[in-house]
Amino acid sequence: MTSQPAARALGLSKVYGEGEAQVLALDNVDIDIERGRFTAIMGPSGSGKSTLMHCLAGLDSVTSGTVMIGDVDLTTLKDKALTALRRDQVGFVFQSFNLIPTLTALENITLPMDIAGTKPDQQWLDTIIDTVGLRSRLSHKPSELSGGQQQRVACARALASRPAIIFADEPTGNLDSRSGAEVLGFLRRSVDEFGQTIVMVTHDPNAASYSQRVVFLADGRISDEMSDPTPERVLDRMKRFDIEGLSAPTPA
Amino acid sequence: MLKAALRNLFAHKLRLVLTGLSIVLAVAFVAGTYIFTDSLRASLDTLIQQDQPDVSVQPASADFSPDFQGAGKLPTVPTTLVPEIEDLDGVTMAVPAIVVPNIVVLDKQGLPLGQESDGFGGGTAIGSSWVTEPALNPTEVVEGSPPVGADQLALDSASAEQLGVVPGDEITVLLPDGDRTDFELSGVTETQNGSGFAITFVYWDFATAQDLFLTADQASSISVLADPGSVQTQIRDAISPLLPTGVVAVTGEEQASQVSEQLDSGLGFLNTFLLVFAIVSLFVAAFLIYNTFSMLVAQRTRELALLRAIGASRGQVLRSILAEAVVLALVASALGIAAGAGFAKGLQALFQAAGAPFPASSLVFEPRTIVVAMLVGLVITVVSALLPARRASVIAPVAAMREESVAAGSGHRRTAIGGFLLGGGIGLAVMAPRVAANDTMQGALVAGVAAAGVLIGVLALSPELARPATVALSALFRGVNGRLASGNTRRNPRRTAATAGALTIGVCLMSAISVLAASTQKSVAGIVDDVIGADFVITGYGFQPFPGAVGEAVRATEGVQAAAVVRQAPMRAPGTGDTLATGVDPTVIQQALSLTVPEGSFDDLGEDDVAVDRDTADSIGAGVGSTIQVLSVAGPVDLQVVAVYEPAGGFTGYVTDLPTIARLGAADQDSVVYVVKDAATSAEDVQAGLERALEPYPNVQLLDQSAFKQTISDQIGQLLNFLFALLVLAVLIALLGIVNTLALSVFERTREIGLLRAVGMSRRGIRRTIVIEAFIIAAFGAVVGMIVGVAFGALLQRILADQGIEQFAVNAGQLALFLVLAAVGGVLAALWPAWRASRLRILGAIAAE
């Protein structure tokens, strides 16, 4: 693990709306995402966890503060450079609608490289495809795949271009528990075996337990952190949010 | 529910504008056609009314179709009638008048004024006597004074302006007998109530006009002004007993209604002709409207299901969509009528550019126009909305809310019907030429039904065609953008087919017309090669007759072996109705033209004999030896048939020798001179000699064979461009359909586009993908349209083979241009939806539910 984090936010604030309707989604957040680690971001609805991920991934603009991926400050980039950075440095797995319906599974996996006009590393591609266990379904269209298979294709796509960091937004939110476990297991293996950096937003303590570090968010601020989580410990911590309501005290 | 429908309508302004626009364009074409012909009608009516004296005494032949009155000797009435008529009770005054067509006013370069406007009678003016009594003269002098004496004339203000002359200037006029005379411009005239035709009018005083064109005691007509309060018919009946045979008296009302009838049939044809194009546009627009409503309903399936789930009945859902359609149709149709006014102005400009001498006039809105336009807009919109609405209302609420995609009904029935229509159409198309061999009209009818069957069949089958066609077209594009674009076109083949189908119709018609025109051009050139043995052809500009002196000048030119003049006179004959009889020198014409004469011989053509073309002879059951009675300007004449010949291009109908045509009323004017040079002189020398000989006659043109073919070819080309201009609107509506489909598709694919942006596709990449998609749709539509259109063109050529279009030809360059334009149009249509798609906010797109 090098000293430089894979991604970092400094004094990150995000305000939605104007005037009376103004909502402070992120309030001066500082966070480092360590390289080669599986980080989960948790929090109740409205805590700002999705906003934090979108800002870190360069999908949303920030109101103030800086966001770095590697040594690039995203807040200084124009759309074109940001697009290229997402294409080359970042992988995404969304909760649903991850795949282009007109492309086959394989075409979806290689999509970022096709967009960039680069050739995929065939050996690496084979490794990923075998790891997610999709070899027999490569020529199928998304509509011919199950929900779990679709998410595994999405994971394979995120990994295929060897991005510096992968962001996963509730990747198991739409799956039954068995399919969810398969996807999460696969994400964890990619960290353990390939040294991939992954940031996952979730509200499911069981999903969070696959990570190595959990960051808790409440009211747009980081309220707590946990290493090597288990489902029980995460659940305990989450219950305290419920008891404290939305006005959880923030540690100094 | 109505409130929900209206709110929904306004919630999606963009869809509203796009769908509305297609209705507006289609309705504008229909309304514009009516407004145009009504306005033309109204302005002509005003001219007719104001031009009529109470009673007019005129030659009986004046009721010949005005199309043919330009040829032939001027029919006259004796001026000795004037004092007799003025003696009658109730007559205020009787004024003799002279009207002469075919005057040529020369400009400062010595060229005929208005010659460059080509087309219909370009380059000639109408000469008349100046009527000094204002009550009988709708024209007034606005500058200078009326013409007086043998060396003065007056000119209409538009022509004076064009010539750049003012009263006092000198003007040169070429008279019908070929004399060139200078006159002083006394004054400039304008017609009361403004608008006149785009025709030059020249006025002399009566004595000068009589001296120039007629003999003493002759006039073209006598206009009678009645005392106030007297009855036109009584005056007419009082005048009639005074008149010699061949001269009649008609009241102003009779005259007006007679002219009016002639106008009605002409305008009726024009109206029908334009409405055919309007129907094409409507058909295309119906496609677009139907397509849009299908997509709107598909997008709103969940919303409609929610309405059903909370208790709306099927009927209510149906009525809600129909209410939307009705409101949209009414608003768009109203706008369409307004746009129709602009379209009518455009038509006026188009016709004027094509050389039609129509008066520009203010626009007339008949209640009928508004009713028809509104009904058309309403019916098309409601029917187009009804089918998707029915589909939407049968969706089970739960099914619709569960998943976003609702499977479209299977297309088996549509495919079967399409296959049946296509097969039947092709079968009829194969039969049509055989039917046409016996009866062209029946053949054309069969071909029309065949064409409709094939076109509708192809449109019905095109969802099946869309898949292989788009795969083939997408081979043009490599990379992920092309793959995504072609995938998108196959996602909903029915939608792709319907979008492309609108373009298919337009391109199909344009291709068919193009093929027919190319075939006509080639066939005409072939006929010229086969028939015209002459080395040169001399014609008047705008095909106006020219002085007989031209023929003499040509004959006197060195190196000319023979000059065959063609002289014409109007007449009414069995089998042809009002027509022009042709007079030739039977010996000389056979040197200039290769005529096939299966029965009898042109050599037998003598006094009161006639040769008849085979088609006319067959239609009236005449043959060599039969006698035919025709009505000439001079009265009925019996002609004996001595030859039956094969029609050769423009050389058809009744043919007599020169003395007979003069008896039938031809003036000393010719319409064509065919020139045969002798073998000893070079073509260049003869041409140079002819050019010198023709110098005094700037209103004729000397053409060698290839130039003659080019002239005919240019005229066909001009007509072609006019038809294309009318079809452009249908193509524009089709392109608008592509804009519409893409814009709605972009809206449907918001999340997909967001995903593509998230995983790294640039804005440019998104735009490129959508532009390629449009290109594929447009190219698919255009290629299918072209294939069907060329087949139609070939079929039409076969049907019309007997009518002289014997050869099939394709203007490949023009067809290629259509394809390129369609593809470019498709790409242009994509620009705006593509721009919108590229500006979608990524997060908004991903977060969209």
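**Notebook: chains A and B, predicted model**

I began with A:D228, which sits in the loop that links β10 (221-227) to α9 (231-244) of chain A. The model I am reading is predicted. I looked up the backbone of A:D228 and found a positive phi of about 40°, although the residue is not a glycine. I then checked its surroundings: A:D228 counts as exposed because it has 10 C-beta neighbours inside 10 Å, and the cut-off for exposed is 12 or fewer.

**Entry: A:E170**

I turned to another residue of chain A, A:E170. It is not a glycine, yet its phi is positive, at about 45°. I located A:E170 in the loop between β7 (165-169) and α7 (177-194) of chain A. Is A:E170 buried or exposed? I recorded A:E170 as buried, because 20 other C-beta atoms lie within 10 Å and the threshold for burial is 20 or more.

**Entry: a sheet in chain A**

I traced an open sheet of four strands in chain A, with antiparallel pairing and the order β2-β1-β4-β5. I noted β2 (23-33) and β5 (72-73) of chain A as the edge strands, each of which pairs on one side only. Between strand β1 (residues 7-16) and strand β4 (residues 64-69) of chain A, which run antiparallel, I found five bridges. As one register point, I noted that A:A9 has A:V67 in β4(A) as its bridge partner. I also looked for a helix on this sheet: helix α1 (residues 49-56) of chain A packs on it and touches β1, β2 and β4 of chain A. The direction of α1 makes about 120° with that of β1(A).

**Entry: where chain A meets chain B**

I next examined the contact between the chains. Chain A gives 21 residues to it and chain B gives 20 residues. On the side of chain A that touches chain B, α2 (79-89) and α4 (111-116) of chain A each supply at least two residues. I sorted that side of chain A by class and obtained 10 nonpolar, four polar and seven charged residues.

**Entry: chain B overall**

I listed 25 helices and 25 strands in chain B. The C-alpha atoms of chain B fill a box of roughly 95 × 70 × 50 Å along the principal axes. Of the 849 residues in chain B, 48% are buried. I also looked at sequence separation: among contacts in chain B between residues at least 6 apart in sequence, 85% join residues at least 24 apart.

**Entry: a sheet in chain B**

I followed an open, antiparallel sheet of four strands in chain B, in the order β3-β12-β1-β13. Why is one side of β3 and of β13 left without a neighbour in the sheet? β3 (91-97) and β13 (247-251) of chain B stand at the edges and each has a single partner strand, so one side of each has no neighbour there. From one strand to the next, the twist averages 20°.

I then took up β3(B) in detail. It pairs with strand β12 (residues 221-226) of chain B in the antiparallel sense, over six bridges. Within this pairing I noted B:L225 of β12(B) as the bridge partner of B:M93, and B:S221 of β12(B) as that of B:A97. I recorded β3(B) as mostly covered, with five of its seven residues buried. Across β1 (55-59) and β13 of chain B lies helix α7 (residues 252-299) of chain B, which runs at about 90° to β13(B).

**Entry: helix α13 of chain B**

I checked the span of helix α13 (residues 440-474) of chain B. Its end C-alpha atoms are only 44 Å apart, whereas a straight helix of 35 residues would span 51 Å at 1.5 Å a residue. I looked along α13(B) for a bend and found a kink of about 55° at B:S462, shortly before the proline B:P463.

**Entry: B:F183**

I closed with B:F183, which I placed in strand β9 (residues 180-191) of chain B. B:F183 is buried, as 22 other C-beta atoms lie within 10 Å. Which residues does B:F183 contact, leaving aside its neighbours within four places in sequence? I listed B:D151, B:Q152, B:L153, B:I171 and B:V173. I also looked up B:A158, 25 residues from B:F183 along the chain, and found the two C-alpha atoms separated by 18 Å.

Key. Residues numbered from 1 in each chain as written. Chains lettered and ligands numbered in written order. Predicted model: local features only at pLDDT ≥ 70, side-chain atom pairs only at ≥ 80, totals over all residues. Contact = placed C-beta atoms within 7 Å. Pairing = 2+ DSSP bridges. Axes fitted to C-alpha atoms, helices over the stretch in contact; angles between N-to-C directions. Nonpolar A, V, L, I, M, F, W, Y, C, P; charged D, E, K, R; others polar. Expected span 1.5 Å × (residues − 1). Bend = angle between axes of the 7 residues up to and from the residue.
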